[in-house]
Amino acid sequence: MIVADRKPLKEILEMVGDSKKVLILGCKGCVTVCNVGGNKEVGILASTLKIARAKEGRPLEVEEKALERQCDPEYVDQIKDIVEDYDAVISMACGVGPQFLSERYPGKRFFPAVNTTFFGGAVQHGIWEERCAGCGACGIHHFGGLCPIARCSKSLLNGPCGGSADGKCEISKDVVCIWDLIVKKKMEEGHLDELMIFRPPKVWTTARDGGPRKSVREELVQ
Ligand code: SF4
Ligand code: SF4
């Protein structure tokens, strides 16, 4: 899923500026699962904003709503009859949400309340870690099902760098060296010899480096 973190209140207050009435719009997708932008977090942000503005002597009217997803026009359309009621809409979805909203409602201001960080999952309750960088050409079968693109600090494809020590990455003792895990996994598989095959430099045109990407499924296009 997409993992995100809420922006600091100060930053959100600055974006809201002199607005007098705002809608905080959550999303019931990934940001609900990672506890940053669902109904509960919309409620918390609404209360926090109202209190902060009341303390400044500039009351802010805040209403709350959460869409099934903000990355789908079908749901983005659901605020068409109310969007004009607000000076601005604060989106608590990943970075896709406020962009879909902004394109759909040209005259309206949309502010992002979260920082979108990575594709990952929960490794324990309350802790999420990055697993994929969305490179567009998955090759983890060469590496024991583990991703050196997203999880090696240097995205190395042919073994660890000289900084790998005691299973940790040289950038921090808190970061696992994924190459340590890849080697162990290939040993467990009984296919360590496969790591001797040279992996040529990755072609990054399928990743972000090739420009904005698009996925078209002809059978679904209407
Ligand atoms: S190889 Fe690319 S697509 Fe596969 S997990 Fe790594 S970053 Fe994601
Ligand atoms: S120590 Fe390991 S994870 Fe860190 S940059 Fe070197 S090979 Fe990559």
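Helices, of at least four residues, and strands, of at least two, are DSSP runs that are numbered from the N terminus. With these terms, Gln 70 can be placed in the loop between strand E3 and helix H4 (73–76). The model described here is a predicted one.

**Overall arrangement**

The chain is divided into domain 1, residues 2–117, and domain 2, residues 133–208. The centres of domain 1 and domain 2, taken over C-alpha atoms, are separated by 37 Å.

**The parallel sheet**

Four strands form an open sheet with parallel pairing, in the order E3-E2-E4-E5. Its edge strands are E3 (61–67) and E5 (109–112), each of which pairs on one side only. Direction ignored, neighbouring strands of this sheet are turned by 25° against each other on average.

Strand E2, residues 21–27, pairs with E3 in the parallel sense over seven bridges. In this pairing Cys 27 of E2 stands opposite Leu 67 in E3. Helix H3 (residues 39–55) packs on the sheet and touches both E2 and E3. The direction of H3 makes about 170° with that of E3.

Strand E4 (residues 88–91) contains Ile 90. Is Ile 90 buried or exposed? Ile 90 is buried, because 27 other C-beta atoms lie within 10 Å, and a count of 20 or more is the cut-off for that class. Apart from its neighbours within four places in sequence, Ile 90 is in contact with Ile 12, Val 22, Ile 24, Leu 25, Phe 111 and Ala 113. One of these residues, Phe 111, is 21 residues away from Ile 90 along the chain, yet their C-alpha atoms are separated by 4.7 Å.

**Loop residues**

Gln 70, in the loop introduced above, is also buried, because 27 other C-beta atoms lie within 10 Å. Leaving aside neighbours within four places in sequence, the contacts of Gln 70 include Cys 27, Tyr 75, Val 76, Ser 91 and Phe 100. Gln 70 and Leu 25 are 45 residues apart in sequence, and their C-alpha atoms are 8.9 Å apart in space.

Asn 35 is found in the loop between helix H2 (30–33) and H3. Asn 35 counts as partly exposed, because it has 14 C-beta neighbours inside 10 Å. Although Asn 35 is not a glycine, it has a positive phi of about 55°. The C-alpha atoms of Asn 35 and Asp 5 are 8.7 Å apart in space, while the two residues are 30 apart in sequence.

Ser 155 belongs to the loop between helix H6 (148–151) and helix H7 (178–189). Ser 155 has a positive phi near 50° and is a residue other than glycine.

The table gives the C-beta counts of these residues and of Ile 90.

| Residue | Other C-beta atoms within 10 Å | Class |
|---|---|---|
| Ile 90 | 27 | buried |
| Gln 70 | 27 | buried |
| Asn 35 | 14 | partly exposed |
| Ser 155 | 15 | partly exposed |

**The antiparallel sheet**

A further open sheet has three strands in the order E1-E6-E7, with antiparallel pairing. The edge strands here are E1 (2–6) and E7 (127–132), and each pairs on one side only. From one strand to the next the twist averages 70°.

Strand E6, residues 114–124, pairs with E7 in the antiparallel sense over five bridges. Within E7, Glu 129 is the bridge partner of Gly 121, and Cys 132 stands opposite Phe 119. E6 and E7 form a hairpin, with two residues between them. Gly 126, in the turn, has a positive phi of about 90°.

**Surroundings of the ligands**

Which residues lie around ligand 1? They are Cys 132, Ala 133, Gly 134, Cys 135, Cys 138, Gly 139, Ile 140, Cys 147, Ile 149 and Ala 150. One of them, Cys 132, is the E7 residue that stands opposite Phe 119. By class, eight residues of this shell are nonpolar, two are polar and none is charged.

Ligand 2 is surrounded by 14 residues, of which Cys 152, Pro 160, Cys 161, Cys 169 and Cys 177 are the closest. The shell around ligand 2 divides into nine nonpolar, three polar and two charged residues.

Technical notes: Residues numbered from 1 in each chain as written. Chains lettered and ligands numbered in written order. Predicted model: local features only at pLDDT ≥ 70, side-chain atom pairs only at ≥ 80, totals over all residues. Near = placed C-beta within 6 Å. Nonpolar A, V, L, I, M, F, W, Y, C, P; charged D, E, K, R; others polar. Domains from an automatic or database assignment. Pairing = 2+ DSSP bridges. Axes fitted to C-alpha atoms, helices over the stretch in contact; angles between N-to-C directions. Buried ≥ 20, exposed ≤ 12 C-beta atoms within 10 Å, placed from the backbone. Contact = placed C-beta atoms within 7 Å.
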